[in-house]
4 protein chains.
Amino acid sequence: MADNGQQEQGKKLDLGRFPVRTDLAREAHDMALQERGDQGEIPGIQIDEYEEHGIMTSWIRIQDDHGAQELGKQPGLYLTLEVPDLRSQDSKLQKRVMTKFSHEFERFMREVGVDPNARVLIVGLGNRNVTADALGPFVVKHTMVTRHLFELMPDQVEAGYRPVAAISPGVLGTTGMETSEIIFGVVEKTRPDVIIAIDALASRALSRVNTTIQVADTGINPGSGVGNKRKALNRDFLGIPVIAIGIPTVVDATTIAYDTANFVLAHLNREMNQTKPTNPLDPLNRASVKELQSQEIAPEARQHMMGIVGTLGDAEKRQLIHEVLEPLGQNLIVTPKEVDAFIGDMGKLVADGLNCALHEAVNPENVSAHVN
Amino acid sequence: MADNGQQEQGKKLDLGRFPVRTDLAREAHDMALQERGDQGEIPGIQIDEYEEHGIMTSWIRIQDDHGAQELGKQPGLYLTLEVPDLRSQDSKLQKRVMTKFSHEFERFMREVGVDPNARVLIVGLGNRNVTADALGPFVVKHTMVTRHLFELMPDQVEAGYRPVAAISPGVLGTTGMETSEIIFGVVEKTRPDVIIAIDALASRALSRVNTTIQVADTGINPGSGVGNKRKALNRDFLGIPVIAIGIPTVVDATTIAYDTANFVLAHLNREMNQTKPTNPLDPLNRASVKELQSQEIAPEARQHMMGIVGTLGDAEKRQLIHEVLEPLGQNLIVTPKEVDAFIGDMGKLVADGLNCALHEAVNPENVSAHVN
Amino acid sequence: MADNGQQEQGKKLDLGRFPVRTDLAREAHDMALQERGDQGEIPGIQIDEYEEHGIMTSWIRIQDDHGAQELGKQPGLYLTLEVPDLRSQDSKLQKRVMTKFSHEFERFMREVGVDPNARVLIVGLGNRNVTADALGPFVVKHTMVTRHLFELMPDQVEAGYRPVAAISPGVLGTTGMETSEIIFGVVEKTRPDVIIAIDALASRALSRVNTTIQVADTGINPGSGVGNKRKALNRDFLGIPVIAIGIPTVVDATTIAYDTANFVLAHLNREMNQTKPTNPLDPLNRASVKELQSQEIAPEARQHMMGIVGTLGDAEKRQLIHEVLEPLGQNLIVTPKEVDAFIGDMGKLVADGLNCALHEAVNPENVSAHVN
Amino acid sequence: MADNGQQEQGKKLDLGRFPVRTDLAREAHDMALQERGDQGEIPGIQIDEYEEHGIMTSWIRIQDDHGAQELGKQPGLYLTLEVPDLRSQDSKLQKRVMTKFSHEFERFMREVGVDPNARVLIVGLGNRNVTADALGPFVVKHTMVTRHLFELMPDQVEAGYRPVAAISPGVLGTTGMETSEIIFGVVEKTRPDVIIAIDALASRALSRVNTTIQVADTGINPGSGVGNKRKALNRDFLGIPVIAIGIPTVVDATTIAYDTANFVLAHLNREMNQTKPTNPLDPLNRASVKELQSQEIAPEARQHMMGIVGTLGDAEKRQLIHEVLEPLGQNLIVTPKEVDAFIGDMGKLVADGLNCALHEAVNPENVSAHVN
């Protein structure tokens with residue numbers, strides 16, 4: 001997650017990109033569909049999704065540049081698990097999601113051509129001293145590490161394991177070094193075959209906080225600004241596949257403000273049009289953002305409001321929100337009060353899931369016997 | 001701070017009380033003044049305030065029931081330090097504020113008649129496992145405790161100290177017991193002369209988060225619901241004076257939504273009236289909330305907006321915000337991302353300040369030699 | 001565990017009491033048997049023990065003052081689980097021990113006449129900021145707390161639960177108050193039927209560290225010094241049964257020194273007598289301490305050594321060890337380097353075991369769904 | 001500090017090397033002097049030492065292979081601060097030692113030819129999740145990091161600072177990678193001019209725990225076993241100077257046993273010879289170990305004891321201690337109970353001292369304003 005020192009990595013909290021940008025391909029796909037005004041397919045995008053016992057699984061492949069442009073995401077494979085009930089802290093559900101995540105992640109590695117015996121380097125991104133950003137380091141702490149056993153006593157390693165190393169490199173503000181520089185150096189010396197990078201994301205929607213897991217083979221890609229090339233964690237830069245696992249843990253406060261502004265405006269529209277607006281924060285209402293927008297720009301509404309509400313375009317709204325939040329700096333986040341506990345739960349889920357997926361000898365029944 | 005289990009203590013996060021309720025007398029005073037439409041005095045309220053090197057100090061005495069009603073706060077003495085720059089983490093400023101707080105707190109104890117040798121029990125309210133709520137336990141951890149020395153080896157205690165005990169009782173959700181029950185029992189057995197209770201507050205304004213310290217002799221008072229009497233930490237219940245120290249550490253997410261809604265409406269008004277609205281979150285603009293309200297309810301504005309914006313009364317706004325945030329539960333908070341560090345800084349400041357104020361032999365120069 | 005400020009509670013680290021004193025009845029029983037020179041029964045002591053899948057369970061009842069004097073422990077019921085392999089951090093074994101502990105603890109409560117619906121107060125003794133002493137607070141943190149639900153919404157509590165409250169009162173050095181004063185006050189206000197107190201012990205034997213759990217109905221009893229009465233946590237003082245759960249987490253450094261000295265002397269004896277001494281630290285060798293002593297004081301050995309080794313009596317050895325360790329203060333402990341992880345494992349085991357034992361609706365399969 | 005997985009780095013806990021090996025040149029020098037039986041100079045060793053207000057400062061230069069062999073340490077420059085009172089947690093003394101350390105460290109860098117503007121990489125060795133081993137990561141956390149500012153906005157960096165980066169790479173057991181591999185990679189990518197590596201040491205003497213700081217230009221050097229070359233953190237391996245800062249935080253439990261055994265034997269000697277043995281753990285008695293040994297092997301003593309005590313040679317003692325401690329594994333450490341607090345104090349001292357030494361603009365008066 002972007003911290004003060006790391007804003008250059010251009011990751012998430014950027015007022016200017018509202019309302020279109022999201023870190024989640026699943027969300028981008030919904031928004032793109034609605035923008036097209038139909039429920040049909042988007043050229044260049046392949047999507048496969050299904051719901052099972054409260055877990056929505058979707059596989060999205062962005063096949064070409066056209067699809068990439070439509071979704072505002074890099075070409076590649078995206079796996080998303082959405083589990084609205086995950087925040088209930090029901091440990092049976094957590095185990096079920098962990099098992100599901102483990103299976104799907106194994107399949108993901110096959111799909112992107114990672115060899116079953118590939119040597120893995122797990123990278124926990126983020127700042128361990130900032131609760132909402134500590135997901136990556138937390139996963140690394142609970143990951144089963146085996147590479148040194150293969151190096152030091154290869155004869156004694158039992159079958160069913162592969163070499164796994166793990167590191168939490170810290171963030172620019174605490175190390176003074178780009179994370180990618182550190183990882184590049186480590187990769188050159190230790191020669192893994194694939195990197196799995198875990199990061200906490202800032203979500204567009206509160207409903208996704210600690211309920212959604214995204215896996216992507218595109219790595220971690222900062223904005224396209226000057227000098228950003230050396231800041232990426234991807235195959236181009238590192239020469240090996242980089243699988244990114246991201247979980248939204250916070251929402252930027254500007255999002256709340258933006259959504260509220262939209263909702264108020266839509267409400268005023270409704271007053272005139274007698275149509276019910278959609279709550280942009282409602283997790284059950286995937287069409288929300290787009291519908292809201294369509295309502296706002298409905299020509300008849302603009303007329304009705306004598307040009308006043310209607311003239312409030314995106315740029316003006318952005319300016320308005322900027323004025324509201326500007327005195328307070330850019331680092332305001334919205335979290336559930338119990339964020340400490342949620343990060344622990346999600347971190348354990350991902351770590352256990354990876355341990356099961358990476359080692360044939362480890363499964364949901366014995367995983368807790370392998371780590372502590 | 002209210003947690004799930006402790007909502008009954010009725011402390012802070014209550015949608016219904018918007019927009020009038022605040023935990024801070026200083027804020028309530030400003031709002032009351034503006035409601036009266038003048039800058040004169042409010043009967044029953046005595047106020048004395050001054051600014052010095054970036055620290056705004058105010059003493060407010062609510063003298064009678066009339067004043068209490070005007071401010072919505074209990075009669076008593078309120079001391080407030082406001083230091084907008086405190087969030088810059090400048091340790092020189094922190095030491096200056098600590099010294100100031102220590103002096104003013106000493107004076108506060110004299111004003112409310114606490115004997116210089118009074119035996120003190122410091123109570124750290126809040127949940128140590130929830131970062132934003134851990135201020136009280138953090139202060140207790142860094143408090144100099146001496147009571148046992150007076151009890152066990154009274155002859156060996158040097159001059160310049162007084163008996164101080166300290167406890168972090170936990171919260172209802174983690175102990176299963178009302179905090180006041182625990183403290184009542186401890187008071188009966190250990191017989192302190194005065195209680196100092198430290199608590200993290202939910203603020204009305206983001207600008208106050210980790211920049212404002214309030215001291216009050218009214219103790220901790222939950223709402224006036226059934227059975228709430230035994231939940232209070234005050235002189236009525238405990239039989240000894242209770243001095244409450246409160247610091248805003250979070251803002252309820254509903255506040256952001258509420259302020260944004262108001263700002264959008266005011267903006268629409270401005271579009272029609274060509275008057276500049278006031279940013280309700282701007283820390284430099286104390287008149288904000290009231291002005292905003294007066295703008296909203298300006299009759300000419302209502303007419304201009306053809307009854308549409310204008311008819312959006314408080315109840316309707318509350319309903320609107322409820323609809324926006326409802327899917328997400330009531331426990332959403334807004335904090336700076338660096339909340340972990342801020343809680344540490346403010347907790348150390350209060351602990352050191354108390355150590356200096358309570359023991360004649362301790363001063364800002366030697367305080368760090370007394371604790372660790 | 002005794003800390004600087006709490007040495008008056010006279011708990012454990014007392015050079016003078018070597019070699020006879022131990023906190024564990026199981027250990028005291030072995031020593032007493034050997035002192036008597038036979039393997040028969042000790043009048044006033046009832047013992048029942050059996051081993052099952054690596055868990056040694058023993059029930060000892062000290063029936064009268066004679067038995068109490070023989071063992072140096074108060075009359076009462078003592079349950080001990082000994083699991084040498086527990087330190088291997090095998091989570092399957094941990095779950096098995098947790099289940100066993102849960103069953104035996106339930107039986108223990110029945111044996112001492114605690115009603116199945118008795119209201120429970122769990123007390124986590126020790127200092128949360130000292131790793132080796134943090135067991136009690138750790139257990140409290142992972143305990144299921146329900147009392148407030150019974151108080152606030154009795155109609156909504158499902159069957160299968162009972163009212164449980166929990167508190168970590170801190171230690172004398174951090175609160176300035178005797179733990180027993182705090183608990184006495186809390187008991188008077190909240191009226192539990194029984195107290196369960198968890199404490200980290202200093203062990204006599206390294207082999208017991210984090211491998212032994214003792215349950216006793218005698219509560220926590222400091223030495224018999226002046227003013228110690230008000231420091232006890234027992235039925236006499238509090239008026240309700242107090243069940244103490246103790247786990248050795250450290251060994252006093254003096255123990256290592258003492259055992260080494262004994263072993264060296266025994267070795268010299270062996271050189272002369274050609275008999276093999278017993279390693280006092282060997283977990284498999286229960287007879288160790290006594291045998292060692294008998295060897296030391298064997299008259300023929302004394303003669304052989306020309307009165308030199310032989311004249312080294314207990315008092316002299318104590319003096320010797322005092323000279324070795326004196327420059328370093330009394331607070332030296334011996335722990336496994338991984339003490340942080342062990343405390344977490346044992347704390348989770350006890351917390352889960354209590355949650356299962358106290359609530360009919362909770363069992364080893366669903367316990368993790370009840371807490372987090 | 002060596003952990004399970006890192007034992008290959010051969011650092012400290014090695015029963016076989018008793019009694020001669022120590023990580024501290026200061027200690028090795030005393031032992032060597034005594035072995036020579038005189039108080040004169042050792043060829044190849046230059047030593048300069050002085051005491052000032054409770055701080056003993058010594059500079060030792062091992063000039064050639066002869067000196068290296070005498071001391072069992074690599075040729076190079078060793079600075080040692082010894083402050084017996086440091087464990088009293090007097091924060092005034094801490095500040096004084098920090099200031100002294102800062103000055104001496106600056107001089108050390110000049111002596112070993114590090115340029116005043118050299119770009120620095122601080123490496124915090126050790127495992128952050130093991131209290132006694134967390135010193136290095138703790139220092140890194142409190143270190144002022146500036147390199148990214150020089151990289152990203154060189155024009156805005158004020159005078160008086162230099163580029164400093166910092167990393168806590170973890171340990172072999174938690175990363176699966178040799179620390180030196182990680183650091184090598186990072187050095188190649190980020191091109192620092194000098195490395196400062198901080199590590200917790202296992203001390204030979206309890207009196208040194210948290211009271212001694214050693215600085216050496218020899219880096220971190222594991223034993224000379226096969227494959228150990230790539231495990232070193234030194235100039236040979238990394239191509240840039242490596243300054244190692246080490247602080248003893250624990251004593252291996254075998255040390256206590258060994259010292260006790262020696263003391264008992266010496267006591268028996270005394271019984272026969274009427275000479276007073278020296279306490280090997282006494283911090284005021286530097287000659288201890290050697291004297292003890294000379295007493296043990298005094299031929300007349302051997303005769304007196306009829307060959308019994310006397311025949312107990314080093315190998316036999318080692319065997320004896322092995323038998324005593326063997327059942328317990330090798331990872332037993334002895335620490336003060338308050339180890340958590342001591343690590344915090346020493347870590348802060350070193351971090352502040354480095355911040356002052358590395359940046360001209362930072363001094364003991366303003367250092368706390370630079371970090372948090």
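A salt bridge is counted where a side-chain nitrogen of Lys or Arg lies within 4 Å of a carboxyl oxygen of Asp or Glu. In this predicted model, the side chains of Lys189(A) and Glu188(D) satisfy that criterion, with a nitrogen-to-oxygen distance of 3.4 Å, and the count between chain D and chain A is 4 salt bridges. Across the interface of these two chains, 10 residue pairs are found in polar contact, both partners having pLDDT 80 or more.

On the side of chain D that touches chain A, at least two residues each are supplied by α5 (147–152), β5 (164–167), α6 (172–175) and α7 (179–190), and the largest share, 8 residues, comes from α7(D). Sorted by class, this side of chain D comprises 11 nonpolar, 9 polar and 10 charged residues.

The contact involves 30 residues from chain D and 29 residues from chain A, and the area buried between chain D and chain A is about 2500 Å², with carbon and sulfur atoms giving 60% of that area. Of the area that chain D buries against chain A, 22% is supplied by Leu152(D), Met177(D) and Lys189(D), more than by any other three residues.

As to the arrangement of the copies, a turn of 180° with a shift of 0.0 Å along the axis lays chain D on chain A with an RMSD of 0.0 Å, and the two copies are thus related as by a two-fold rotation axis. The C-alpha of Gly185(D) is the one in chain D nearest this axis, at 1.8 Å from it. Because 97% of the interface residues of chain D are also interface residues in chain A, the copies meet through the same surface.

Key: Residues numbered from 1 in each chain as written. Chains lettered and ligands numbered in written order. Predicted model: local features only at pLDDT ≥ 70, side-chain atom pairs only at ≥ 80, totals over all residues. Heavy atoms only, no water. Least-squares fit on C-alpha atoms with pLDDT ≥ 70 in both. Contact = heavy atoms within 4.5 Å. Buried area = accessible area lost by both parts, 1.4 Å probe. Polar contact = N/O pair within 3.5 Å; in protein donor to acceptor, adjacent residues only side chain to side chain. Helix = DSSP H or I, 4+ residues; strand = E, 2+ residues; numbered from the N terminus. Nonpolar A, V, L, I, M, F, W, Y, C, P; charged D, E, K, R; others polar.
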